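Please keep the sequence and the model side by side while reading, since the text moves between single residues and the chain as a whole.

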Amino acid sequence: MIFDNILIYFVIIPLVVLGLLSLSKSIQQVRTVCVIGASLLVVLAAYLTYEYLAIRAAGDTSAMLFQGSWLWYAPLNIHLALGVDGISVVMLILSSIIVFAGVFASWKISPLPKEYFMWFFLLSVGVFGFFISIDLFTMFMFYEVALIPMYLLIGVWGSGNKNYSAMKLTLMLMGGSAFLMLGILGIYYHSAADGNLTMNLLEISKNNAIPHSWQYFLFPMTFVGFGVLGAMFPFHTWSPDGHASAPTAVSMLHAGVLMKLGGYGCFRVAIYLMPQAATELAWIFLILTGISVVYGAFSACVQTDLKYINAYSSVSHCGLVLFAILMLNTTAMTGAVMQMLSHGLMTALFFALIGMIYGRTHTRDVREMGGLMRIMPFLAAGYVIAGLASLGLPGLSGFVAEMTIFVGSFQHADMFHRVFTIVACCSIVITAVYILRVVGKLLFGPVQNEHHLQLTDAEWQERLSVITLIVCVAAIGCFPNFFSNIIRESFLTIVQVLPQ
């Protein structure tokens with residue numbers, strides 16, 4: 001039975017939360033339901049990790065564990081096919097932590113808190129469903145479920161030019177979905193050597209039936225389709241506006257998890273299923289992602305809005321994820337997933353702190369703030385830690401992820417790859433410039449508004465959200481081997497299908 005599979009509960013729990021929220025009559029009931037649901041997701045992710053490691057330790061070398069497949073639509077041979085490897089497990093851990101922290105960051109959301117959390121958990125249904133799917137149709141379906149709530153979450157509960165930002169985000173991501181759908185249909189109709197069409201990722205890779213000539217057409221379709229969500233240049237412009245207008249927890253989930261669907265899809269679908277085209281066409285997208293890394297960092301330097309600074313920083317860091325994936329070796333790809341995990345936690349921490357600061361000062365303009373370390377020391381200290389993680393301080397998650405990426409990228413002996421690796425390394429210097437400048441002005445500079453002296457520091461639910469994310473960022477930095485071992489073994493399966 002489908003309910004015997006642990007993975008399905010990553011979808012069932014948020015759906016049950018949706019049902020209970022619809023019946024809730026008070027804000028206390030809404031908060032209770034959300035906290036219980038988010039806590040169960042964290043516990044489930046922890047238990048899955050424990051079971052996954054136990055099975056691997058017992059010697060099971062299967063590409064995917066906890067597999068299950070149930071026929072959904074017979075005419076097209078579509079199944080609800082589930083399975084996870086180490087990469088999926090890490091992404092599920094990341095998603096559950098950010099959903100948990102996002103609930104507390106949205107503790108006082110208004111108006112319509114019940115409706116807000118219903119859309120928030122619907123978004124989480126799409127995210128969790130995407131990471132556990134190994135059928136192209138169900139993966140695409142959950143992908144769309146994750147995108148659609150963004151329009152209302154930004155358009156109704158956002159700030160600033162929210163209607164423009166929500167529409168721009170929706171149109172650009174739906175445009176990427178159109179490319180992705182064409183790519184999936186092409187893969188489906190070339191999926192079987194024996195005539196039985198399938199959308200199962202493992203079966204398609206095993207059959208290796210997609211002709212080389214079609215791979216050159218379908219690989220760009222799928223990579224661009226997922227790359228739009230990964231903020232790949234020049235399809236990144238939706239991201240800064242969307243981040244700037246979104247409410248705090250939506251920005252956390254958006255940058256922390258939703259953008260990771262792009263990187264995850266690029267290697268899970270585009271590279272894994274079309275290895276020949278990936279090997280020969282990677283250089284084109286390597287140029288685009290290299291531009292994303294440097295352009296995003298430079299753009300962050302000239303911003304004065306805290307959310308725009310972090311949004312362009314996310315363009316740079318997510319560009320680094322795609323950059324590493326295109327290096328097509330185990331070390332760089334491991335670094336890419338470490339960067340997805342690190343950036344997800346780090347940027348969620350940034351957006352949580354920015355939202356809390358904005359809720360007190362009613363401004364995000366760096367020029368209008370100063371001396372916050374004296375006024376709200378807890379939030380200021382959290383911002384310093386997030387900034388240090390972003391610029392790659394040893395002992396925090398950013399250092400481990402970026403070093404793994406650059407070491408793996410430099411393994412290529414040719415001049416092209418090494419030059420672009422050096423260019424990408426320059427983003428570290430640029431990141432240090434805008435992070436240290438903002439920290440110096442915002443936290444330690446002179447107080448710009450005397451009314452800010454009357455402001456209060458973080459409340460208990462805000463402290464819980466911030467501390468959760470800080471502990472996770474520090475845990476990755478101090479114990480990177482735990483996560484890299486889970487990830488690296490899973491990438492061996494993908495690298496093995498690449499032409500040598």
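In this predicted model, tryptophan 72 belongs to strand β1, which covers residues 65–73. Its relative accessibility is 44%, and because this value falls between the limits of 20% and 50%, tryptophan 72 is classed as partly exposed. Tryptophan 72 also takes part in a nonpolar surface patch of about 390 Å², to which Tyr73, Leu76 and Phe137 contribute as well.

From this surface site the reader may turn to a loop, the one that runs between α6 (162–188) and α7 (201–207) and that holds histidine 190. Is histidine 190 buried or exposed? With a relative accessible area of 18%, histidine 190 is under the 20% cut-off and therefore counts as buried. Its side chain comes to 2.9 Å from the backbone oxygen of glycine 186, and it also makes a polar contact, at 3.2 Å, with the side chain of tryptophan 214. When residues up to four places away in sequence are not counted, histidine 190 touches Ala209, Ile210 and Pro211 in addition to Trp214.

Threonine 198 is likewise placed in the loop between α6 and α7. Its relative accessibility is 4%, so threonine 198 is buried by the criterion of under 20%. The side chain of threonine 198 reaches the backbone nitrogen of asparagine 200 at 3.1 Å, while a polar contact of 3.1 Å links it to the side chain of glutamate 203. Once neighbours within four places in sequence are left aside, the residues in contact with threonine 198 are Asn77, Tyr188, Ser191, Glu203 and Ile204.

These local settings can now be placed within the whole chain, whose secondary structure comprises 20 helices and two strands. The radius of gyration is 22 Å, close to the 23 Å given by the globule rule for 500 residues, so the chain is as compact as a globular protein of that length. Along the principal axes, the C-alpha trace extends over about 75 × 60 × 45 Å.

How much of the chain do buried residues make up? They account for 62% of the 500 residues. Among contacts in the chain with a separation of 6 or more, 79% are between residues 24 or more positions apart. The area that the chain exposes is about 17800 Å², and carbon and sulfur atoms supply 68% of that area.

Notes: Residues numbered from 1 in each chain as written. Predicted model: local features only at pLDDT ≥ 70, side-chain atom pairs only at ≥ 80, totals over all residues. Heavy atoms only, no water. Helix = DSSP H or I, 4+ residues; strand = E, 2+ residues; numbered from the N terminus. Buried < 20%, exposed > 50% of the residue type's maximum accessible area, 1.4 Å probe, protein only. Polar contact = N/O pair within 3.5 Å; in protein donor to acceptor, adjacent residues only side chain to side chain. Contact = heavy atoms within 4.5 Å. Patch = residues over 30% accessible without salt bridge, like charges linked within 9 Å, V, L, I, M, F, W, Y side chains within 5 Å. Areas by Shrake-Rupley, 256 points an atom, 1.4 Å probe, with all protein chains shown as cover. Salt bridge = Lys/Arg side-chain N within 4 Å of Asp/Glu carboxyl O. Rg over C-alpha atoms; globule rule 2.2 N^0.38 Å.
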